[in-house]
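Please open the structure in the viewer and keep the sequence visible beside it. The stops below proceed from the whole chain to a single site.

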Amino acid sequence: MSVNFCSKCGSIVELRSIGGSDRIACTSCDYIYWGNYSIGVGALIIKEDKVLLVKRAQEPGKGFWTNPGGYIEQMEPIEETIVREVLEEAGIQAKVKSVIAVRDQPREIHNLYIAFAMDYVSGEPIPDGEEVDEAGFFTLEETKSMNVAGFTKWLLDVAFQPNSDGLIKEPLPIKALEKYGLFRV
Ligand SMILES: [Zn+2]
């Protein structure tokens, strides 16, 4: 990635060795470019042995069935993001139970994806008609004849594993931290 001017003050930037790595740093203010990152979240909601899937209506992955999910916003707690995405995409109210998988994808925009197991609360699957054009609960057997995205197949394998709760939501932290999402074994 090439950055020529400081995004904070507009001055010329330079390459500077900081902590053993060459970083793009401003020549006149304290700005340092640490990289470009994004965080995706996904929901695995199993209700009576059926998992909630949506069919993508837009690229990337148009026509593929995936679990619902999206990207976190700057100031939005991650648990609120996933609850919102599930409701928006599939019309289902669900609540976070645990973290069951993480995917790390270093690339131009370094992406981290966090998969949550969620408990179904209420609602019938209704696609939003924009990001997704179908939504429903399916058995693992049914998903095998569907056009399920490769990564989603892997997540289904994780989600249907018995006796594994992953990292569960901290019910009672030793010290309560406001606006922190805490998950533990
Ligand atoms: Zn600057």
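The tour begins with the whole chain and then turns to the metal site.

This is a predicted model, in which local features need pLDDT of at least 70 and side-chain atom pairs count only at pLDDT 80 or more, while totals for chains, interfaces and linings use all residues. Residues are numbered from 1 along each chain as its sequence is written, and side-chain values use heavy atoms, with hydrogens and water left out.

**The whole chain.** Select the chain and display its C-alpha trace, which spans about 60 × 45 × 25 Å along its principal axes. A cartoon view shows three helices and twelve strands (DSSP runs: helices are H or I of at least four residues, strands E of at least two). Of the 185 residues, 34% count as buried (under 20% relative accessible area, with a 1.4 Å probe and protein chains only).

**The zinc ion.** Next, select the zinc ion: the SG atoms of Cys-6, Cys-9, Cys-26 and Cys-29 coordinate the ion at 2.3 Å. Donors here are N, O and S atoms within 2.8 Å of the metal (3.2 Å for Na, K and Ca). The angles among the four donor atoms run from 102 to 116°, and the site is tetrahedral (four donors with all angles between 85 and 135 degrees). Along the sequence, the donor residues follow the spacing C-x2-C-x16-C-x2-C.

**Two of the donors.** Now select Cys-9, in the segment before strand S1 (13-18), and Cys-26, in strand S2 (residues 21-26); the pair therefore ties together parts that are 17 residues apart in sequence. Is each of these residues buried or partly exposed? Cys-9 is partly exposed, at 41% relative accessibility (between the 20% limit for buried and the 50% above which a residue is exposed). Cys-26, with a relative accessible area of 1%, is buried.

Definitions and conventions:
Tetrahedral: all angles 85-135°; square planar, octahedral: opposite > 155°, others 65-115°.
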